[in-house]
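Please look at how the two chains of this model meet, and keep the sequence beside you while reading the report below.

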Amino acid sequence: MTGPDRCLSCAYFRNQPVELESAMAGLVSLASAYGSTRADDGLCAKHDRYVSANARCDDFDPAKGRR
Amino acid sequence: MTAHSSGLSTRQSSGWRELWLKEDWWAIWLGLGIVVIAALLFAGGASIKWVAVTPPKWHGIAQLGAHFAANYQRYIVQFLLWLAIFAAAVAALGLRVRDFALSFLFLYVLSLAIFAVGQWDQANRYNLEPPLVALILGLAISNLIGTPRALEAGFRVEFYIKTGIVLLGATLPIQLIIWAGPIAILQASIVSIVTFVVIYWVGVRLGLDRRLAATLGAGGAVCGVSASIAIAGAVGARKEDAPIAITLVIVWAIVMIFALPFIAGALHLSASVGGAWIGTSEFADAAGFAAAQTYGAVAEHDKLAGTPEQAIWAFTLMKVIGRDVWIGIWAFVLALVATTRWERTGIAGRPGPGEIWRRFPKFVIGFAIASLIVTAVTRGYSLGEFNARVNPALVAPIKDLRTWAFIFCFFSIGLTTRFRSLAYAGRRPFLAFTSGVAVNVILGLVLSAVVFAAYWEGLAR
């Protein structure tokens, strides 16, 4: 599923590999945030969940004017 | 755009962008680049062996010193080549090249020392196999001394192991992959499904959230930390769930690196059966290769059937072909179940089958292509010609570079594993995961050493 209102375009979404490797203790020991299996998943600061970039929710906030 | 240059908090790296924004593809470019250059030089009557230098077997320090005095230029050139190709990838991925270069110098110098220790003719007698030495030295440095943050940029465990696996493809005949692949897939499917069900069932019975139970289950059943974070994202787990799974996978994976080779040795398993068992029962590729390489050396030292290379081959077929490639399907199915059957989270996943390709571990493609290339190049040579000409000029140098990549990886595992900084896992997740570990290890042994033993023994033929 793709579209302009998916998580990847949301202000609450964080999926930069550097940030993820720092946020998830031990991730770099036996894996990496740069691998294919992670796809574009990231952390949602609104729901405190690790979600797919293609997910959606009612709290979507456009990334323009990112806080 | 990179994290450093853009300040953006999101990055899209799927689709075509994956070709330069994911380390799987960089492992393919680097690994296949080496294989193609090696094959072209071989076809022209030359070889990459000058630059694929490794410390030789040695008895006395003077002998080793003489080798380094005579070959130091080759090590300098090799270091610069590794640095150049890894730095190109690191720059494209968005990491700082200057930090990487300094870190990689540290990594290379100590990896050279680890490699040299492993080549001592008494090393096996004292269990100084390079994977174990690299792991213990790395763990000691990171947990007792610590490393400056700037020095960590070069400790890229996954990147090194994926590059090594692509190079490994060049040393594994494609016929072997075709012959053993179906058995590996069957054995892996049995173990993966049973392990996942055990962890998930015990986890849910202990009161764990279903998404955490699934994240733990995938870590134990499929491919360790990579599987845990893939499933955590696919099912929309809480942000603390993946770190819990990461902690448990790391702790058990490190225990297994030491335990499996020595139990396999005590049971007198052949190199290939031991490798298959490790491929069935280790969780992560990097940790599994450390265990399989160690077992190859143990089996050789104890004069058990098979060769060290067969332990690596069996492990690879079992782990990479049998387990890793299915992560996309696991993610797709579990995302569907999470969306349709589990409690709502307020986030709608609505997964599609595209998930299977998006999460496919692409480095496996490089592994298969490398095998095809070398199989094609070496077609038509008799066994005698292969041993006399093809192996020393083409296959052995690629294998030596693969060994280097694996040592970078094993040392990086130790250097990046700081037990104090791991997330607290808790008793219930520990019990659920450990139940799966117990079943996985026993079932993996029965399938490798009894049910499918004849197939794994057949690798030797």
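## Strands that pair across the chains

In this predicted model, R49(A) has R238(B) as its bridge partner, and R238(B) lies in strand 1 of chain B. The two residues belong to a wider pairing, in which strand 3 of chain A runs antiparallel to strand 1 of chain B (residues 237–238), with two bridges between the strands.

## Extent of the interface

On the side of chain A, 42 residues are in contact with chain B, where 61 residues take part. Together the two chains bury about 4,300 Å², and 55% of this area is on carbon and sulfur atoms. Of the area that chain A buries against chain B, 20% comes from L30(A), Y34(A) and T37(A), which is more than any other three residues supply. The size of an interface is often expressed in this way, as the accessible area that is lost when the parts come together.

## Charged and polar links

Three salt bridges are found across the interface of chain A and chain B. In a salt bridge between the chains, the side chain of E21(A) meets that of R156(B), with a distance of 2.8 Å from N to O. The interface also holds 20 residue pairs in polar contact, counting pairs in which both residues have pLDDT 80 or more.

Several elements of chain A each supply at least two residues to the side that touches chain B, namely strand 1 (13–14), helix 1 (17–23), helix 2 (27–30), strand 3 (49–51) and strand 4 (56–57). Sorted by class, that side of chain A is made up of 19 nonpolar, eleven polar and twelve charged residues.

Notes: Residues are numbered from 1 along each chain as its sequence is written. Chains are lettered from A and ligands numbered from 1 in the order in which they are written. This is a predicted model: local features need pLDDT of at least 70, side-chain atom pairs count only at pLDDT 80 or more; totals for chains, interfaces and linings use all residues. Side-chain values use heavy atoms; hydrogens and water are left out. Contact means heavy atoms within 4.5 Å. Buried area is the accessible area (1.4 Å probe) that two parts lose on being put together, summed over both. A salt bridge is a side-chain nitrogen of Lys or Arg within 4 Å of a carboxyl oxygen of Asp or Glu. A polar contact is a pair of N or O atoms within 3.5 Å; within protein, one must be able to donate a hydrogen and the other to accept it, and residues adjacent in sequence count only if both atoms are side-chain atoms. Helices (H or I, at least four residues) and strands (E, at least two) are DSSP runs, numbered from the N terminus. Ala, Val, Leu, Ile, Met, Phe, Trp, Tyr, Cys and Pro count as nonpolar, Asp, Glu, Lys and Arg as charged, and the others, Gly among them, as polar. Two strands pair if DSSP finds at least two bridges between them.
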